[in-house]
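Reader: I'd like to go through this one by asking where each label comes from. Can you walk me through the reasoning behind them?

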Amino acid sequence: MSTFDQTSLWIVIMGMALGSFALRFAFIGFMGGRQMPDWLMRHLRYTAVAILPALVTPLVVWPSPTGGETSLPHLAVAVLTFVVGYLTRNVLWALLSGAGGFLLLFLLG
Amino acid sequence: MAITTPKSLFLKGLVDSLPFLLVASPFGLLFGVLSAEAGLNVLEALAFSLAVFAGAAQFTALQLLQENTPLLIVLASALAVNLRMGMYSASLTPYLGAAPMWQRAIAAYLTVDQSYALSIVKFEDEPELTVPQRMGYFFGTTSVIAPSWMAATVIGAWVGAQIPASWGLDFVLPLAFLAMIGPMLRTPAHMVACLVAIVVSLPATLMPHNLGLIVAGLAGMMAGAQTELWLEQASARSKAKQETAP
């Protein structure tokens, strides 16, 4: 299943370590108290709520355990996890419902 | 009057952060398990968590690596997930920017969702805190979370190595992300950003090298930013109307 090699892995780890640190250090280290432009801040506010759904949606619509075939049970578990997270505002409850749903998929499938 | 030293604020931060352990530990475990499923050994999984220390970005990179995505796109996507850290850093700067450089460097490494969320509230509520007191609190909030994240990764990687691939654990990863997304949707603009990203992401999978992820993500960000702007303008207009009404 794993198709990537050690070199790629370490390049990604080192690249992410440097990149993440740079992102976190950029402002507190160099910017001092200067303000970032409004338009940039306004876009940055939506990075996580945009990138994560964009990553997840194809994985849910074409799940890997079925070999990429759309499956109603998998969709249902995904929707359940999302809705519980949205309604309870609590990552832990969402994760637990997801785990429960996954267990059902596993036992039934 | 209570004496608040940097040390007592460190303890305060530590105590305030404890509830977050319930969230960080399962995700750390999960990261370990999934990296084992992806073929990483315990050492590699730990190195990943130690070097990067950002859950969502680590999950993203792990997923894309398994899809044979070009490394540049893996890095760009994972760092895009981490862009919010830049925002956190910017918003903490007015409070911590005056601390010595070595402390700021350590604080940068320890900037995660939990430490930011707790600290910014504390700093805003108690503007009288000195810079060393604030640093004490900030370090306190990560003093337990960071080691637990690493430990959970190791345990997960070790356990994951014993789990057969036939269990289909790959599907837990999208579930973990979905669990994170729900609580993030606090405003209509967040929901628009999320919805647009979802809609664009499906046709965008036709693009080569997983570039569609970045395109869909950017589309969502622009939609969210634009919605925020519209809502602000609309509320300003309705306010103006009320004031001019007889």
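Reader: Among contacts in chain B between residues at least 6 apart in sequence, what share joins residues at least 24 apart?

Author: This is a predicted model, to say that up front. In chain B, 77% of the contacts between residues at least 6 apart in sequence link residues at least 24 apart.

Reader: How many helices and strands does chain B have?

Author: Chain B has twelve helices and zero strands. The C-alpha atoms of chain B take up a box of roughly 65 × 50 × 30 Å along the principal axes. Of the 246 residues in chain B, 49% are buried.

Reader: Why is the packing of α1(B) on α2(B) called oblique?

Author: Start with the angle: α1 (residues 6-37) and α2 (residues 42-52) of chain B pack at about 135°, with axes 9 Å apart. Oblique is the word for angles that are neither under 35 degrees, nor over 145, nor from 65 to 115. An angle of about 135° fits none of those ranges, so α1(B) is oblique to α2(B). The crossing is right-handed, by the way.

Reader: Which residues make the contact between α1(B) and α2(B)?

Author: α1(B) brings Phe31(B), Gly32(B), Ser35(B) and Ala36(B), while α2(B) brings Ala45(B), Phe48(B) and Ser49(B). By class, that contact has four nonpolar, three polar and no charged residues.

Reader: How do you know that the buried residues of α2(B) lie on the same side?

Author: The buried ones are Ala45(B), Phe48(B), Ser49(B) and Val52(B). Around the axis they span an arc of only 95°, so they sit on the same side of α2(B). The general background is that an α-helix has 3.6 residues a turn, so residues three or four places apart point the same way.

Reader: What makes Phe53(B) buried?

Author: The cut-off for buried is 20 or more other C-beta atoms within 10 Å. Phe53(B) has 24 C-beta neighbours inside 10 Å, so Phe53(B) counts as buried. This residue follows α2(B) and sits in the loop between α2 and α3 of chain B. Its phi is positive, near 50°, in a residue other than glycine.

Reader: And why is Asn68(B) called exposed?

Author: Exposed means 12 or fewer such atoms. Asn68(B) has 12 other C-beta atoms within 10 Å, so Asn68(B) is exposed. Asn68(B) is placed in the loop between α3 and α4 of chain B, and its phi is also a positive value, near 60°.

Reader: Where do α1(B) and α8(B) come together, and how do they cross?

Author: Their axes come within 6 Å and cross at roughly 35°, with α8(B) covering residues 131-143. The crossing of α1(B) past α8(B) is right-handed. Among the residues in that contact are Phe10(B) and Leu14(B) of α1(B), and Tyr137(B) and Phe138(B) of α8(B). The contact has ten nonpolar, seven polar and three charged residues.

Reader: What about the two chains: how many residues of chain A are in contact with chain B?

Author: 66 residues of chain A are in contact with 81 residues of chain B. On chain A, α1, α2, α3, α4 and α5 each supply at least two residues of the side that touches chain B. α1(A) gives the most, with 19 residues.

Reader: Which classes make up that side of chain A?

Author: That side of chain A has 44 nonpolar, 18 polar and four charged residues.

Technical notes. Residues are numbered from 1 along each chain as its sequence is written. Chains are lettered from A and ligands numbered from 1 in the order in which they are written. This is a predicted model: local features need pLDDT of at least 70, side-chain atom pairs count only at pLDDT 80 or more; totals for chains, interfaces and linings use all residues. Two residues are in contact if their C-beta atoms, placed from the backbone, lie within 7 Å. Helices (H or I, at least four residues) and strands (E, at least two) are DSSP runs, numbered from the N terminus. Ala, Val, Leu, Ile, Met, Phe, Trp, Tyr, Cys and Pro count as nonpolar, Asp, Glu, Lys and Arg as charged, and the others, Gly among them, as polar. Axes are lines fitted to C-alpha atoms, for helices over the stretch in contact, and angles run from 0 to 180 degrees between N-to-C directions. A crossing is left-handed if the near helix is turned anticlockwise from the far one by less than a right angle, and right-handed if clockwise. The arc is that of the directions from the helix axis to the C-beta atoms.
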